[in-house]
Structure formats: C-alpha cells, structure tokens
Amino acid sequence: MIIVFLLLGFISLFADITYEGARSVLGAYLEYLEASIFIAGVISIGDLLNYFMRGISGFIAGYTRSSRVYWCLILLGYSINLFAVPLLAFVGKWELAFILVLIERMGKGLRSPVRDVILAEVTEGIGRGMGFGLHELMDQIGAILGPGFVAWSLYINGGDFRIAFKYLFIPASIAILLVIVAMSIYPRIHSVEIIPKNALRFRGFNKRYYLYIASMMFLSMGFIHWHVVSYYIEQLGIISKYLIASLYLVAMASDAITALPVGFLYDKIKLKILLITPLLPVLIILLFTSISIQTLFIMSIAWGILLGIYETVMRASIADLVEPGSRAYAYGLYGLVFGSSWTIGNVLIGILLNNKWKNYLIIYVIVVEIISFIILLKIVKEQEAASS
C-alpha cells in the first residue's frame, strides 16, 4: 500500500505542475485575451463543473462498486484534466480558453472522489490526517514547481503565455504514465467491494456530515478564487506578469508547509483544527483590497494556508464522518455543494470588484464566514459530547 500511496503522491505532483502552473496566470491570460473581470469571476464556474463532476463520479463509482470503474474514472479524468492545459497555447480568443478551462475542471472532477477513496484506504495504517497531509505535501511540491516553471518561462520568453503552456505537456504525460503503473499494481480497491454491487446506499450520512458540508458551503462563498485575484492584479498593472505567477508560487509553498502540521493536528484534535478557517477568508479579502506589493505577498501566504487546510483536513474529515462503503457518495455530494457555493460566491465577488464596491465586499465575506464558524462550532461541541 505504501507504493500505491507514493505513486498517488507523484501523480498529484506532476499533475499540479501542469494545471497549477497554468492557473497561476490564467486570470492574467484572460485579461491578455481581452476578457472582462466579470468573466474572470464567472470562469470559476469551471470549479462548479469540477465539483458537479465529482458528484457524478462519486455516484457512478458508489453504484457500480467496481474497482475497474474506479480506475477508469481516474485515468479518464486525469487525461482530460491534464491535456486540456497545453491546448491553451493554441487559442486566440477568451471564449476558447474559457471552454478549455471548463473541460480541464470537468476532468479533475471525474477523478477526484475516486482517487480520495483509494487514498483513504491506503493511509489507514499511518493515520488519515497524516496520510492526507503527506499526500498534500507532495501535491504542493508540484504546485510550487508549476508556477515557478511558468514564471521562469514568462521571464525568459518576454511574457509569452503560449510558450509556457506548451511546456506543460511534459509533466502531463508523466502523470498519465504513473496512473497506468498504479492501476497495474493495485487493481483491486478493497473498500469498494465490501457491499453488494448496484446497491445505492446512503447509510452513514449523519447529522454532523450534513452540518459539515453546510459550514464548508458558507466558508467557500467568501473564499476569493485565484482567477479573480490574478485578473484584478493584471488589470491594475502594478506588478509584472511573472510576479503574478510568483505570488501563486508563494501561495502553493504556504499550502505545502501547512499540510503536514494540520494533518498531524487533525489526528490529535479532529475538527477543532477547522475553527480557524473562517477567519482566513476575511483576512485574505482585507489584504487583497488593500492592494500593495506587501499586502499581496501576505495575502498569498494566507490564501495558501487556507487551501492547505482544505486539501488536507477537509478531505480527511469526510472519510471519518461516514462509513467506508459510503465514501464515494460522501465525497461526491460534498464536492457538488462546495463547488456550487464557491462559484456563486466568486460571481458575487467579481460583481462587487467590478463596481468598486469594496466595502460591501468585505461585509459580505465577514457575514458568510461568521455563519460558517457558528455551524463548525456546533459540530465540534456535538463531537465532544458524543465522545465524552
């Protein structure tokens, strides 16, 4: 299982080099293609499709109870997710770039919940929080290398986005080869086959699970998307293009540094570690709207910390809140809710920024994060009462 765990980590590493490298400058690329800031906000609908496809993938996987289906969803998802990225080099209109982003996000959605089911299975021996933390660390090494690679490419090629996107074909190909290797050495997923096939099951979805996804829904509504961040910075013209990618690199480095400590703390104190998360979107939006090189740097660190907690603790929590046979469904439903709310929130954020209503934007973020915190606090108290 350790070999499979490591393979999943390296797959994520090379995948992140590919799509996180592109995402670091995607908002700036849209501005270059003459899209509006509203489009930079609306393009987060790609993440809605990502999470919608997680719902579809989770329910297909949960219904079929087939290891072969799980691996097919992973291979197909990674192929779509990764090879859509280099194609950005060949578009001349923002509408075509928009379509490719949607396709790329749909591919990511197809493979994510089933990948997390396998990850939850192979990390049982080392502690789920620590296991997801180690995986996220490897993931974020790629997320650091990707923006760094793109920043280097933009620097040496005079800010040519297209050349940078073409280079990303290399890590995409490596990731797909590693998926094939993992599939060949771990063809059977044990937790997938513990209940009869074609048995739609929602047993194990308790009150705390539904409260949990409600809290994460409100949290995501105040979490500004990097597409909006990079677009707005490019529009203001206060820093060079390669520095926009460098800011994303800082965010990814912060994510990587966060992953292991929060994973360790989750194994010790469980959901209590999440109580800090609603504070971070408020801090991020306050720093972002201040607009200076110094505050943007600190904002990038906070943005990466929040993403690190999400990718480590929030994913590990799902596996602990439901029974093993229901995990594919649980990840799928959670992804669908989170993606919908994140998209809606960023459309609103884009509108408020476009109309220069920064004060209203700050109030909006504070309100949704207070609601998220209240629900999280309720879950923690109920968890403590149940364990006492």
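Helix 15 (327–354) and helix 16 (358–387) each supply at least two residues of a nonpolar surface patch. Helices here are DSSP runs of H or I with at least four residues, numbered from the N terminus. The model is predicted: local features need pLDDT of at least 70, side-chain atom pairs count only at pLDDT 80 or more, and totals for chains, interfaces and linings use all residues. Residues are numbered from 1 along each chain as its sequence is written, and side-chain values use heavy atoms, with hydrogens and water left out.

The patch covers about 810 Å². Its members are Phe38, Ile344, Leu348, Ile351, Trp357, Tyr360, Ile363, Val367 and Ile371. Patch residues have over 30% relative accessible area and no salt bridge; nonpolar side chains (Val, Leu, Ile, Met, Phe, Trp, Tyr) are joined within 5 Å, like charges within 9 Å. A salt bridge is a side-chain nitrogen of Lys or Arg within 4 Å of a carboxyl oxygen of Asp or Glu. Areas come from the Shrake-Rupley method with a 1.4 Å probe, and for residues only the protein chains shown count as cover. Helix 16 gives the most to the patch, with four residues. Phenylalanine 38 belongs to helix 3 (residues 37–42). Its relative accessibility is 37%, so phenylalanine 38 counts as partly exposed. Buried means under 20% relative accessible area, exposed over 50%, and partly exposed in between (1.4 Å probe, protein chains only).

Two helices of 29 residues were examined for length and bending. The expected span is 1.5 Å times one less than the number of residues. Helix 6 (residues 94–122) should span 42 Å, and its end C-alpha atoms are 41 Å apart, which agrees. Helix 6 bends by about 30° at serine 112, and proline 113 follows within four residues. The bend is the angle between axes fitted to the seven residues ending at a position and the seven starting there. In helix 6, 23 of the 29 residues are buried, so this helix is largely enclosed by the rest of the structure.

Helix 12 (residues 241–269) reaches 41 Å from its first C-alpha to its last, close to the expected 42 Å. A kink of about 30° lies at alanine 259, shortly before proline 261. Just after helix 12 comes lysine 270, with a positive phi of about 55°. Lysine 270 is in the loop between helix 12 and helix 13 (279–290). Its relative accessibility is 29%, so lysine 270 counts as partly exposed. Glutamate 34 also has a positive phi, of about 70°, although it is not a glycine. This residue sits in the loop between helix 2 (26–32) and helix 3. Glutamate 34 is exposed, at 71% relative accessible area.

Two charged residues are buried. Glutamate 20, in helix 1 (residues 2–23), has 8% relative accessibility. Beyond neighbours within four places in sequence, glutamate 20 is in contact (heavy atoms within 4.5 Å) with Ala143, Pro147, Tyr248 and Met252. Arginine 128 is found in helix 7 (residues 128–156). Its relative accessible area is 13%. Residues up to four places away aside, arginine 128 touches Ala120, Thr123, Asp267, Ala316, Ala319, Asp320 and Arg327.

Leucine 178 lies in helix 9 (residues 169–185). Leaving aside neighbours within four places in sequence, leucine 178 contacts Leu7, Phe10, Ile11 and Phe14. Leucine 178 and leucine 75 are 103 residues apart in sequence and 10.0 Å apart in space, C-alpha to C-alpha.
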